[in-house]
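Visitor: I should like to learn how to read a pocket in a protein model. May we look at the structure together?

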Amino acid sequence: MSLPTSAAVVSAASFLTLHYRLAGPAGDIINTFADKPATLSLGTGELSPAMEQRLIGLAEGTHATFELPAGEAFGERNAEMQQWVAKTLLARMGDPDEKYAVGDVVQFPTPDGTGSYAGAVIESNDTAVRFDFNHPLAGQPVTFEVQLIGVL
C-alpha cells in the first residue's frame with residue numbers, strides 16, 4: 001500500500017521549472033508558454049522580489065495569474081537611469097559602423113565583465129546615443145502569469 005504524495009510547494013529557496021508571462025499595458029515582454037519552460041532559483045534576483053512573493057506557497061502544477069500595481073514589480077521609472085553614451089565609446093565597445101534607432105535594445109557589459117545589462121535607445125544625435133536603462137516595465141502595472149511545472 002502506498003501513501004498519496006502531495007505536490008511540492010514553492011519556498012523562498014526553491015528551484016523552479018515553469019512557464020511564465022510578463023506583460024504591461026502594451027503587451028507581452030516575456031512569454032515562455034509557446035517555447036521551452038524557464039528554470040530559475042528563487043532568491044537569486046532572476047525574478048523581482050514582488051513576483052517571487054506571489055510564488056511562495058504555490059503547489060507544483062498551479063497555473064495562476066497575478067496583477068501587480070504600477071511600480072511594484074520593477075519599481076518606479078528613474079530619470080537618472082537615462083544616460084547619454086558617446087558614439088566613440090559605443091564604437092570601441094562594439095561595431096564601429098552600428099546604427100542606433102529609437103527602440104533598439106543594446107547589451108552592455110557590467111564593469112567587472114562577468115555579466116551584462118540592457119539599455120533601450122530613446123534618442124540620438126551626431127555624437128551620442130541616449131539610453132534608458134530602466135526595466136521596460138518599470139512604473140507600469142504588470143500581469144504575471146505562471147504555470148509551475150516542477151518545484152525542487
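Guide: Let us begin with the residues that line the largest pocket. In this predicted model, they are Arg-77, Gly-103, Val-105, Ala-118, Gly-119, Ala-120, Asp-132, Asn-134, His-135 and Pro-136. The space in the largest pocket amounts to about 160 Å³.

Visitor: How many residues of this lining are nonpolar, polar and charged?

Guide: The lining of the largest pocket consists of four nonpolar, four polar and two charged residues.

Visitor: Which element gives the most to the lining?

Guide: That element is β7, which supplies three residues to the lining of the largest pocket. Strand β7 covers residues 116-124 and runs antiparallel to β6, to which five bridges join it. Gln-107, for instance, has Ala-118 in β7 as its bridge partner. Ala-118 also belongs to the pocket lining.

Visitor: How should one read the sheet around these strands, and what is its order?

Guide: A sheet is read strand by strand, from one edge to the other. Here four strands form an open sheet in the order β5-β8-β7-β6, and their pairing is antiparallel. The edges are β5 (82-86) and β6 (105-109); each has a single partner strand, so one side of each lacks a neighbour in the sheet. On average, neighbouring strands of this sheet are turned by 45 degrees against each other, direction ignored.

Visitor: Where is confidence lowest, and where is it highest?

Guide: Predicted coordinates should not be read in detail where pLDDT is low. The protein averages a pLDDT of 93, and 97% of the residues score at least 70. Confidence is lowest in β6, with a mean of 91, and highest in strand β4 (residues 63-68), at 98.

Definitions and conventions. Residues numbered from 1 in each chain as written. Predicted model: local features only at pLDDT ≥ 70, side-chain atom pairs only at ≥ 80, totals over all residues. Heavy atoms only, no water. Pairing = 2+ DSSP bridges. Helix = DSSP H or I, 4+ residues; strand = E, 2+ residues; numbered from the N terminus. Axes fitted to C-alpha atoms, helices over the stretch in contact; angles between N-to-C directions. pLDDT = per-residue confidence, 0-100. 1 Å grid on protein atoms, 1.4 Å probe; cavity = no way out; pocket = protein on both sides within 12 Å on 5 of 7 lines; lining within 4 Å. Points joined across faces, edges and corners; volume = space filled by probe spheres on them. Nonpolar A, V, L, I, M, F, W, Y, C, P; charged D, E, K, R; others polar.
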